[in-house]
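Good morning. I have one structure to go through today, and I will take it piece by piece. Please have the sequence and the model open.

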2 protein chains.
Amino acid sequence: MKALSLWLEKHRKEIREDYFQFLRFASISSEAEYKNEVHACAKWVRAYLEKCSFDAELIETPGHPLVIAEKKVSGNKPTVLIYGHYDVQPVDPIDAWESDPFTPTERNGRVYARGAVDDKGQIFYAMVALRALAELDRPLPVNVKFCIEGEEEANSVGLTAVLPKIKDRLRAESLLVVDFDAYDETTPAISLGARGILSMDISLTGSKGDLHSGLCGGIAYNPNRAIVELFAKLYDSTGKVAVDGFYDDVLEPSLEEKKAYPQKHGSDYFTKEFGIHAFGGEKGRTLQEANLFRPTLEINGLGGGYFGSGFKTVIPAKAIGKISCRLVPNQDPKKIGRQIIAFLEKHCPHGMKLHAEVLSGAKAYRANPFSKLANAVAAASEEATGKVCQRMLSGASIPVVAELAAATGSDIVGMGYGLATDQIHAPNEHFDFRRFDLGFFTVARTIEKLS
Amino acid sequence: MKALSLWLEKHRKEIREDYFQFLRFASISSEAEYKNEVHACAKWVRAYLEKCSFDAELIETPGHPLVIAEKKVSGNKPTVLIYGHYDVQPVDPIDAWESDPFTPTERNGRVYARGAVDDKGQIFYAMVALRALAELDRPLPVNVKFCIEGEEEANSVGLTAVLPKIKDRLRAESLLVVDFDAYDETTPAISLGARGILSMDISLTGSKGDLHSGLCGGIAYNPNRAIVELFAKLYDSTGKVAVDGFYDDVLEPSLEEKKAYPQKHGSDYFTKEFGIHAFGGEKGRTLQEANLFRPTLEINGLGGGYFGSGFKTVIPAKAIGKISCRLVPNQDPKKIGRQIIAFLEKHCPHGMKLHAEVLSGAKAYRANPFSKLANAVAAASEEATGKVCQRMLSGASIPVVAELAAATGSDIVGMGYGLATDQIHAPNEHFDFRRFDLGFFTVARTIEKLS
């Protein structure tokens with residue numbers, strides 16, 4: 001720890017500059033106009049891995065490029081594969097940002113930028129940790145590989161497509177996913193499972209063009225009305241998702257699992273931290289169940305007609321909705337997608353043209369909580385923080401992780417020092433150097449503990 | 001007619017240029033960033049009225065300016081007041097326009113531009129008609145006034161505010177509102193009533209910021225879900241508006257009225273012209289009732305979360321809705337507004353912060369179908385077209401008309417040569433010179449027939 005610490009302080013300024021440079025790429029993977037920025041960012045990542053003395057390669061995919069890297073110690077040693085992503089979420093509502101999302105800005109010890117945490121900040125401290133080990137000439141007890149993709153926020157299309165071809169090059173005993181949260185400001189955590197996800201585009205079309213609400217009002221069936229009537233049917237009066245068969249395959253958690261993964265926060269916490277006034281989910285379920293063990297269906301986007309300043313007396317031609325589900329073990333995203341489409345078709349208001357399309361899906365996963373890697377990360381994080389590491393499940397999703405683990409034959413452990421209050425996926429995302437340092441120490445010491 | 005026709009042909013090129021210049025102002029009254037454009041447009045209108053040999057004045061208001069003008073023949077003669085507006089609707093979705101909305105473009109004999117009909121095209125032919133009478137030295141049998149406002153599409157805030165101060169200057173026996181549709185391509189019409197309107201902003205807030213649908217999904221009550229659940233309650237299963245008391249004051253039309261104002265088109269027309277697949281309104285009511293005699297409630301805008309390309313797994317802090325009603329005689333917009341707010345409060349999903357605000361309201365009106373002005377416009381339009389003029393009611397609203405008529409002591413007649421297929425309030429609004437000419441002749445001959 002001492003030598004690592006000295007190395008870090010010595011290189012502090014340079015690391016800060018490199019971090020900020022990484023954050024300046026507007027590598028928004030889900031919006032086509034940022035394609036070049038995403039590509040430039042991938043090249044930067046490859047160059048940085050080379051600086052960390054890895055053999056790095058940029059792999060083109062049908063989507064955005066992937067960066068893989070390797071530092072081979074010996075064919076007889078086990079291999080750990082470190083996964084992260086260099087792409088970021090969109091930035092709207094842009095007006096809510098206090099500083100430009102791609103101009104990293106330090107305020108009160110925090111770095112504000114899109115990707116400050118998720119996942120540029122986190123994968124960057126992992127790269128820096130490996131660089132420190134190399135520059136300090138500390139012997140690696142394992143082979144280390146990196147797989148840093150460019151579309152985690154856009155369904156990992158590229159990685160999924162090329163995975164069959166490159167999986168042998170990524171083969172590893174352990175998969176360390178550096179894209180998770182800490183337990184709290186000072187307590188480390190490892191993540192041993194995540195919910196799956198399913199995302200869908202929906203639209204209802206009522207006419208070939210927008211209509212005047214005076215001339216056609218009372219005549220045309222308004223798609224905005226149709227979509228609220230249709231979507232309101234998605235939930236029953238107890239808050240359950242009303243889609244037929246939705247819960248059929250849900251694997252109820254065992255008592256052991258409920259004990260191993262206690263609910264981190266009560267409702268007070270959510271009210272205080274996020275200003276949540278109203279709680280959703282199914283009646284009669286605990287927050288723990290709602291957050292970790294139950295599937296959800298959310299309307300992530302709703303749009304139709306005119307809703308800018310002022311008023312426009314329009315009956316829109318079309319209303320659109322974006323829906324996603326968080327899935328739990330044994331739900332199959334493909335099956336759930338079919339069930340939702342069947343439900344929407346069955347309840348589609350008369351005469352509306354329904355378009356319903358699954359955009360992407362990924363299964364949930366749960367890993368061995370006491371694998372060699374899990375124990376190493378836990379010990380390293382305890383050394384870095386002086387606090388007992390918590391074993392956790394995540395309510396969120398890292399779609400490609402289960403797939404990557406299966407393809408490369410690896411055990412999975414998720415680690416990270418993000419916090420739910422870091423505004424990831426929201427305006428004013430931020431991280432701080434204190435937690436950045438904890439991540440750096442944890443990754444470096446984890447590798448050393450894998451001997 | 002002959003002399004007017006010769007004059008029009010002689011000035012055709014100049015009039016086309018002036019018309020296009022008028023259309024080039026992006027005089028969108030409901031969006032604050034266009035304030036200067038609206039003002040410049042008002043100055044242009046004043047100058048044009050002076051060119052028509054009127055005494056014209058630009059009157060500043062708390063909103064956008066108003067242009068009034070007068071040509072006094074004699075204190076003993078009656079006065080006709082011509083009303084129109086130089087402001088226009090917003091232009092989104094801008095991508096659906098085939099040519100720029102503020103670059104008037106002629107294609108197949110049609111002029112495409114925002115305001116080509118509504119109402120720049122229509123008020124412009126009225127100005128040109130008065131200019132022709134002046135340049136031809138034809139004696140006016142009446143005093144003529146103009147009142148051309150700059151925020152008809154934004155609730156006539158300015159005109160309403162200054163009306164008490166200027167109403168004596170606008171006093172008239174007759175009010176000619178040049179902002180209506182013809183019966184069809186070749187048949188003229190006069191409009192003797194319009195529905196009232198009420199517009200409202202609604203929002204539901206669930207948290208202080210956008211939330212991650214994985215980390216808070218299943219915990220937070222999603223405002224998008226809340227708004228669909230709330231809005232779905234606005235209608236009962238027969239398509240009636242479910243707001244308590246909504247229909248209490250509705251004046252049912254008399255048999256005479258139903259006969260005087262027959263429904264213009266059957267449902268086939270609406271399906272063919274607008275591609276309407278689905279009909280709304282109340283079960284058991286005819287299209288005529290739905291379109292002219294019944295009040296409506298429409299969701300004109302619905303927005304929450306992310307609905308651009310790609311996907312964002314967000315639970316939005318807030319979902320918004322824009323609602324408007326078309327009202328019929330004797331409904332009071334203030335009372336209806338209170339009833340809707342009470343309904344929304346009563347049914348607001350638990351824990352959501354409801355904001356519900358009335359933006360504007362105006363009563364419906366119905367005028368004397370056989371007033372002196374009504375008969376003059378009918379005769380003039382029959383002379384221009386060779387077709388019998390139809391007496392009509394409009395399902396749309398001209399909020400300020402009833403107010404202006406009451407304040408100035410005038411009978412009301414609406415005229416115009418718009419058509420429901422002109423895409424007014426929608427992308428690719430257009431007008432044609434054939435109907436422009438019919439408007440020109442009708443206004444000029446109406447004035448002459450008022451002797």
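How many of the residues of strand 8 of chain A are buried? The answer is 6 of its 6 residues, so to speak a mostly covered strand, at residues 189-194. Before I go on, note that this is a predicted model.

Now the partners of that strand. Strand 8 of chain A runs parallel to strand 16 of chain A, residues 390-394, and 4 bridges join them. Within that pairing, A:A194 has A:S394 as its bridge partner. Strand 17 of chain A, residues 411-415, pairs with strand 8 of chain A in the antiparallel sense, over 2 bridges. There, A:G414 of strand 17 is the residue opposite A:S191. Strand 15 of chain A, residues 365-366, is also antiparallel to strand 8 of chain A, again with 2 bridges. A:A194 turns up here too, with A:Y365 as its bridge partner in strand 15 of chain A.

Next, helix 2 of chain A, residues 12-24. It has 13 residues, which at 1.5 Å a residue should span 18 Å, and the end C-alpha atoms are indeed 18 Å apart. Which residues of this helix are buried? They are A:I15, A:Y19, A:F22 and A:L23. These buried residues lie on the same side of helix 2 of chain A, because they cover an arc of only 95° around the axis. The general background is that an α-helix has 3.6 residues a turn, so residues three or four places apart point the same way. On the other side of helix 2 of chain A, the exposed residues are A:K13, A:E14 and A:E17. The cover over the buried residues includes helix 3 (35-51) and helix 4 (120-135) of chain A.

That leaves the two chains together. A turn of 180° with a shift of 0.0 Å along the axis lays chain B on chain A, with an RMSD of 0.1 Å. This is the relation of a two-fold axis. Both copies use the same surface, since 100% of the contact residues of chain B recur in chain A.

As for the contact itself, 81 residues come from chain B and 82 residues from chain A. On the side of chain B that touches chain A, strand 11 of chain B gives the most, with 9 residues. That side divides into 35 nonpolar, 33 polar and 13 charged residues. Strand 11 of chain A, residues 296-305, also pairs across the contact: 5 bridges join it to strand 11 of chain B, and the two run antiparallel. In that pairing, A:L302 stands opposite B:G304.

Conventions: Residues are numbered from 1 along each chain as its sequence is written. Chains are lettered from A and ligands numbered from 1 in the order in which they are written. This is a predicted model: local features need pLDDT of at least 70, side-chain atom pairs count only at pLDDT 80 or more; totals for chains, interfaces and linings use all residues. Two residues are in contact if their C-beta atoms, placed from the backbone, lie within 7 Å. Helices (H or I, at least four residues) and strands (E, at least two) are DSSP runs, numbered from the N terminus. Ala, Val, Leu, Ile, Met, Phe, Trp, Tyr, Cys and Pro count as nonpolar, Asp, Glu, Lys and Arg as charged, and the others, Gly among them, as polar. Two strands pair if DSSP finds at least two bridges between them. The expected span of a helix is 1.5 Å times one less than its number of residues. A residue is buried if 20 or more other C-beta atoms lie within 10 Å of its own, exposed if 12 or fewer, and partly exposed in between; C-beta atoms are placed from the backbone. The arc is that of the directions from the helix axis to the C-beta atoms. Copies are superposed by least squares on the C-alpha atoms of residues with pLDDT of at least 70 in both.
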